[in-house]
Amino acid sequence: MSTKWKLVTGWVISIIVLDQLTKMIVDRNMPLHGSIPIIDDFFNLTYVRNTGAAFGMFSGSHEAFRLPFLILVSVVAIGFILTMLRRLRDQETGMITALTFILGGALGNLIDRLLHGEVIDFLDVYWSNYHWPAFNLADSFITIGVTITLYFLLKSKGEDPFAAA
């Protein structure tokens, strides 16, 4: 196994285990919609379940459409990320790590959809009456991965960072 795929495998396994472990702890120890203040006026652990995608998109759609659609989108996204990872050289560890974070997060949330038909969220950031939609560790890894990817794409100055070696 190449260095690149060892890095990918190690990160993906770590992200999935951490994501699923935290979701399991929340699911087993908190009532649905229960909330535990962590930092007053800023951060709570609040157990919610998201039937939709990011920010609750598609949550109002009929389940017969929503769940298969969201699973399909996840599988396509995972396939796309794996294709991009294959194109990167072993030395491009920054971009490999960024895409691996997105991959691990996507797999973590896909596991929830397959097991529960929805995603467990519990990180609740807010200020005053303004709440960011609740999220989980998988979402956090996706966000970090997207941010790092955008950094590398902007830094590449028009060169294709995914060009086959």
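Trainee: What's the strand order in the open sheet?
Mentor: In this predicted model, the four strands of the open sheet run in the order E1-E2-E3-E4, with antiparallel pairing.

Trainee: And which strands stand at the edges?
Mentor: Those are E1 and E4, the latter covering residues 130–131. Each has a single partner strand, so one side of each is left without a neighbour in the sheet.

Trainee: How many bridges join E1 to E2?
Mentor: Four bridges join them, and the two strands run antiparallel. One pairing to look at is proline 37, whose bridge partner in E2 is asparagine 44.

Trainee: What sits between those two strands?
Mentor: Three residues, which makes E1 and E2 a hairpin. In the turn, aspartate 41 has a positive phi of about 60°.

Trainee: OK, how many bridges do E2 and E3 pair over?
Mentor: Six, again in the antiparallel sense, with E3 spanning residues 119–127. Phenylalanine 43 stands opposite valine 125 in E3.

Trainee: Back to E1 for a second. Is isoleucine 39 buried or exposed?
Mentor: In between: isoleucine 39 is partly exposed, with a relative accessible area of 43%. Isoleucine 39 lies in strand E1 and belongs to a nonpolar surface patch with Ile36, Ile38 and Phe42. Together the four have about 350 Å² of accessible area.

Trainee: Switching to charges: how many salt bridges are there in the whole structure?
Mentor: A search finds five. Asp19, Lys23 and Asp112 are linked in a network.

Trainee: Nice, how far apart are the closest N and O atoms there?
Mentor: For aspartate 19 and lysine 23, they are 2.8 Å apart. For lysine 23 and aspartate 112, the distance is 3.0 Å. Lysine 23 is in helix H1 and aspartate 112 in helix H3, so that pair ties together parts 89 residues apart in sequence.

Trainee: And where are aspartate 19 and lysine 23 relative to each other in H1?
Mentor: They are four residues apart, which puts about one helical turn between them.

Trainee: Are these charged residues buried or exposed?
Mentor: Aspartate 19 counts as buried at 0% relative accessibility, lysine 23 counts as buried at 1%, and aspartate 112 counts as buried at 0%.

Trainee: What about H3 itself, how many of its residues are buried?
Mentor: 17 of the 24, so H3 is largely enclosed by the rest of the structure. The helix covers residues 93–116 and reaches 34 Å from its first C-alpha to its last, close to the 34 Å expected.

Trainee: Which residue follows H3?
Mentor: Glycine 117, and its phi is positive, near 75°.

Terms used: Residues numbered from 1 in each chain as written. Predicted model: local features only at pLDDT ≥ 70, side-chain atom pairs only at ≥ 80, totals over all residues. Heavy atoms only, no water. Patch = residues over 30% accessible without salt bridge, like charges linked within 9 Å, V, L, I, M, F, W, Y side chains within 5 Å. Areas by Shrake-Rupley, 256 points an atom, 1.4 Å probe, with all protein chains shown as cover. Salt bridge = Lys/Arg side-chain N within 4 Å of Asp/Glu carboxyl O. Buried < 20%, exposed > 50% of the residue type's maximum accessible area, 1.4 Å probe, protein only. Pairing = 2+ DSSP bridges. Expected span 1.5 Å × (residues − 1).
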